[in-house]
Structure formats: C-alpha cells, structure tokens
Amino acid sequence: MTPLAFQPTKSEMANETLSVKFSDIAAAARTLADVAHRTPVFTSRDADKDTGAQLFFKCENFQHGGAFKFRGAYNAISRLSEKRKRCGVVAYSSGNHAQGVALASRLLGVRATVVMPNNTPDTKLAAARAFGAEVVLYAPECDDREAIAARLAEKIGAVLIPPSDHPHVIAGQGTVIKELIEAVGRLDYVIAPVGGGGLLAGSAIAAMHLSPGCSVIGVEPEAANDAQQSLSAGTIVHIATPKTIADGARNRHIGSLVLPLLQAYVNKIITVSDDQLMVQMRFFAERMKMVVEPTGCLAAAAALNHVVDLSGARVGVIVSGGNVDAEMLGCSLIDSKPRQIWSVR
C-alpha cells in the first residue's frame, strides 16, 4: 500500500525555529554510543500475518532502566556544565523518566531528586530509589507535579530535567528510530507511543531524515488523548489527570517545545483502549516472550487492532518500556481485563 504522504508544514520548512534538528539526534547518538544499550529489533510471524505488513518491534523494554527514557535523561544531564552538575537535578515523572534520571545521575556522579505520583507502580518506585534518587511523592488527583518540581529545584538550587519538553531529552529519544532505521532500512510507517510527546517528536525527526516519505503516527490511550487534541486544535490542550492503565501516558498536556515538532513532522495521533492494551500485553508475553508495560504496548496495540491499515508496509513499532508490576502482568495473562489500579493507594 502507499503510505500517507508527508506534507512539510510551514514550521518544518522554517526549521530554524524548531527546538530540535536531526543534527541534535546524531550528537545524542554519539553521546550514548558507549552508554545506552543498542536495543534489539524483534519480528513476529503472527503479527505480520495479522496485519499483512512487516512489523519491526524496537524493544526499548531491554534498555537500561527498562525503558527508552534513559536515553533522553543521560543525554540531557551529560550536557550540563560541571558547575551545574554539582547542583544536582530534579525531575518529575510517572516512573520511567524518574528511573532514567536516577540511573543517568548515578553514572555521571550527580545528585538526583525525583517527584513521582503516589500511585506509581511499586517496581518503578523501587528502581528509582535503588539507582540512588531521593523520591518525593505527590497526589496526582490534586497536586501539580510540575509546580512541585519547579519549587523544589529552586529551593535546593538544582537543575530541572523535564520528561519530554527539553531539547536534549527529545534528541536523546530520537536515537531510538535512528537505530531502528540503521538496522532494518527504509520504513513506510513509524508508530510510537505518546505520553509527553518527546519520544514521538524525536522519532519523527529521525524518520523524516533517514526515511523520507515515512508516515509517523502517535498512539495515546483513549482517556489520555491530550496530544491528539492539541495537534488537532493547533494549541496545547490541558486535560484532567487521566485514568488509564498506561501510567506513562497519564499526562495533562504536552509541552511548548513538543507541539511545533509534532505539527512539523507527525501525520496523525490515534488512540487505543485499555482493553486493547491488556490484550497486547498478553500477546507480547505469550507469543514473543517479552514483558511489556501498558504504555509500551500502545504502538503495537494500534497496529494489531488495525486502527491503521498497514497492509504491504514496512512498519517500525516502538515498544517503549517493560516496567510493570506483577499484579498488572498477571491480570493480562489471566483474563486480559484492565483493573482500576490507577486509583491512589
């Protein structure tokens, strides 16, 4: 089939106004070359048969910290001056960015404090602490994590490293698709999960540069489609804290640096249900022998549920992370029905 044609926007044509370019992704790849895992690319005959396409799963669940977030965190922190490194860093995160910042900080000898919701899966809390970060919990139903992190950074004189809306973070995340295209060649589609939008933005830049004409599609949970609404409205849309099993996508809004990049390089953003995510977790566990968290299943769930017609196409599918509690994984294997484990503990 013929993929959706990429139509350069005014923002893309005037790319000097955009915060991240492919040269930034190439520089991030050099920074990460001897630090980040070059994660495997898996294929599945069952998935190919079901979609009529060639699917290439870029498995960031095998990355340091169990998710792609290590790439952006390490790239951003490593570029701080020695003086700013001594001040330490603060991050806010639903889990994976916290782990990425904590591990990157440990490797770089930087003190890290991470602000995390009190309903974060236990595996993610434990990992952030094990990597040496101080964890500050907040109530997502009533607290503003960005404001908490900003106040904390100002109080202790630390550098704030946001999970998505930061040029070095976005560039680091773009190395995922750079590696994938270098490994498998030209792609007709790239499908990426969307939380804060940094992974989708970086992936889209890399795909446009290395595989011109490639269509880039983002995938959000139905209940957390702030990026989809923002791309449609042409302005940042704020939503209430969403209730979804995809804890990495419980964002209230995307950032001011992310939106212009999505407008310039992304074809569309679509959604899948929590039920579809649970079924996809089971597919990964049973058919591909992988542990994948719900957010990491977003892109694959869209492909295998035919939300997009991929027949005859070569498709890059980002599996963004594998940090999932045993309870959630067990639910997916027993009955594939989501449970309300997003409620505050």
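These legends describe close-up views of a predicted model.

**View 1. Gly172 sits inside helix H9.**
The helix spans residues 167–184, and Gly172 is one of them. Is Gly172 buried or exposed? Gly172 has 0% relative accessibility, so it counts as buried; the cut-off for buried is under 20%. Look next at Ala28. Gly172 and Ala28 are 144 residues apart along the chain, yet their C-alpha atoms are separated by 5.3 Å. Which residues does Gly172 contact, once neighbours within four places in sequence are set aside? They are Ala28, Leu32, Arg71, Gly72 and Asn75.

**View 2. Lys58 is a buried lysine in strand E2.**
Strand E2 covers residues 54–59 and holds Lys58. The relative accessible area of Lys58 is 1%. That value is under 20%, so Lys58 is buried. Residues up to four places away in sequence are not counted in what follows. Lys58 touches Arg38, Thr39, Pro40 and Val41, among others. Its contacts also include Arg71, Val176, Glu179 and Leu180. Val317, Ile318 and Val319 are on the list too. Arg71 appears in View 1 as well, as a contact of Gly172.

**View 3. Lys289 has a positive phi.**
Lys289 is not a glycine, but its phi is positive, at about 60°. Where is Lys289? It lies in the loop between helix H13 (274–287) and helix H14 (298–304). Its relative accessible area is 65%. Exposed means over 50%, so Lys289 is exposed.

**View 4. His306 also has a positive phi.**
Again the residue is not a glycine, and phi is about 60°. His306 is in the loop between H14 and strand E10 (314–319). How accessible is His306? Its relative accessibility is 45%, so His306 counts as partly exposed.

**View 5. The largest nonpolar core has 40 residues.**
Which of its residues touch the most other members? They are Ile177, Leu187, Leu200, Leu261, Leu262 and Tyr265. Several elements give two or more residues to this core: helix H2 (22–32), H9, strand E7 (189–193), helix H10 (198–210) and helix H12 (258–265). H10 provides the largest share, 8 residues.

**View 6. A second core is separate from the largest one.**
This core holds 37 residues. Among them are Ile217, Val219, Ala300 and Val317. Val317 links back to View 2, where it is one of the residues that Lys58 touches.

Note on methods. Residues are numbered from 1 along each chain as its sequence is written. This is a predicted model: local features need pLDDT of at least 70, side-chain atom pairs count only at pLDDT 80 or more; totals for chains, interfaces and linings use all residues. Side-chain values use heavy atoms; hydrogens and water are left out. Helices (H or I, at least four residues) and strands (E, at least two) are DSSP runs, numbered from the N terminus. Buried means under 20% relative accessible area, exposed over 50%, partly exposed in between (1.4 Å probe, protein chains only). Contact means heavy atoms within 4.5 Å. A nonpolar core is a set of buried Ala, Val, Leu, Ile, Met, Phe, Trp, Tyr and Cys residues joined through side-chain atoms within 4.5 Å.
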